[in-house]
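Visitor: Please take a close look at one part of this structure, starting from a single loop and following the chain outward from there. I should like the local backbone geometry to be set in the context of the elements around it.

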Amino acid sequence: MNVTFRCPHCDQIGRVEFDAQTVELACPQCQSKWPVPGGAVTAEKLTQCLVCPSTELYIRKDFSQQLGVAIVVVGFAISSVFWFYRMPIWTYAVLFATALIDVVLYLVVGNVLHCYRCQAQYRGVPGLEDHAAFNLETHEKHRQQRIRLEQAAQTKSQAVGEAAPDRQPGRV
Ligand SMILES: [Zn+2]
Ligand SMILES: [Zn+2]
């Protein structure tokens, strides 16, 4: 199984493999390491995000929305050509085929587990189906929390900036 995440230290996107025996994760970009919460990964389930470490996770189809839209747009463009040449059967055939490709793709792709809080994505994890689907309320809760944290960090850095001149010498 693997996790794709935004590193909390260097802000880069990385992907690392892990298993139930993994005790720490390391960022492939900046090499910073952090411990994996105990019991987060079992043979049956991933109970906790290994990056942030929130316990609120949701599953969704590992299907890019852009790809789905792109297929529809291409199908629509091709069908317009047939429509232009007054070939209605081909027009509808292309539209139908486009929709079918989208449906088939959607059905064959696997699930991916997402962390609400840090947006980490887990693939190949056991027990994926035990997790709940996306919940807007939970998502909103984490979004608000993120905004508050960012604001707090901003106020803090401003405060530090103002307090900087009379900082105690020797302190870093
Ligand atoms: Zn990093
Ligand atoms: Zn997370």
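**A loop and its surroundings**

Guide: In this predicted model, P53 lies in the loop that runs between β4 (33-35) and β5. The peptide bond leading from C52 to P53 is cis, and its omega is near -15°. Most peptide bonds are trans, and most residues other than glycine have a negative phi. A departure of the second kind is found at D11, which is not a glycine yet has a positive phi of about 70°. D11 belongs to the loop between β1 (2-6) and β2.

The strands named so far lead to the sheet. Five strands, in the order β2-β1-β7-β6-β5, make up an open sheet with antiparallel pairing. The edges are taken by β2 (13-17) and β5 (57-61); each has a single partner strand, so one side of each is left without a neighbour in the sheet. From one strand to the next, the twist averages 25°.

The strand that follows the loop of P53 is β5, and β5 pairs with β6 in the antiparallel sense over 5 bridges. One of the partnerships here joins K61 to N111 in β6. On going further into the sheet, β6 (residues 111-115) and β7 (residues 121-123) also pair in the antiparallel sense, over 2 bridges. L113 has Y122 in β7 as its bridge partner, and H114 stands opposite Q121 in β7. The hairpin of β6 and β7 has 5 residues between the strands, and Q119 in this hairpin takes a positive phi near 65°.

The domain division places the sheet in context. Domain 1 consists of two segments, 2-62 and 110-153, whereas domain 2 covers 65-108. The centres of the two domains, taken over C-alpha atoms, are 35 Å apart.

Two helices remain to be described. Helix α1 (residues 65-84) has 20 residues and spans 29 Å from its first C-alpha to its last, close to the 28 Å expected at 1.5 Å a residue. After α1 comes R86, another residue with a positive phi, here near 55°. Helix α2 (residues 88-108) packs against α1 with the axes 8 Å apart and at an angle of about 170°. Because angles over 145 degrees count as roughly antiparallel, that is how α1 is placed relative to α2.

On the side of α1, the contact is made by G68, I71, V72, G75, I78, S79, F82 and W83; α2 contributes W90, T91, V94, L95, A97, T98, I101 and D102. The residues of this contact comprise 10 nonpolar, 5 polar and 1 charged. An α-helix has 3.6 residues a turn, so residues three or four places apart point the same way. The contact list for α1 includes such a spacing at G68, I71 and G75.

How values were computed. Residues numbered from 1 in each chain as written. Chains lettered and ligands numbered in written order. Predicted model: local features only at pLDDT ≥ 70, side-chain atom pairs only at ≥ 80, totals over all residues. Pairing = 2+ DSSP bridges. Helix = DSSP H or I, 4+ residues; strand = E, 2+ residues; numbered from the N terminus. Axes fitted to C-alpha atoms, helices over the stretch in contact; angles between N-to-C directions. Expected span 1.5 Å × (residues − 1). Domains from an automatic or database assignment. Parallel < 35°, antiparallel > 145°, perpendicular 65-115°, else oblique. Contact = placed C-beta atoms within 7 Å. Nonpolar A, V, L, I, M, F, W, Y, C, P; charged D, E, K, R; others polar.
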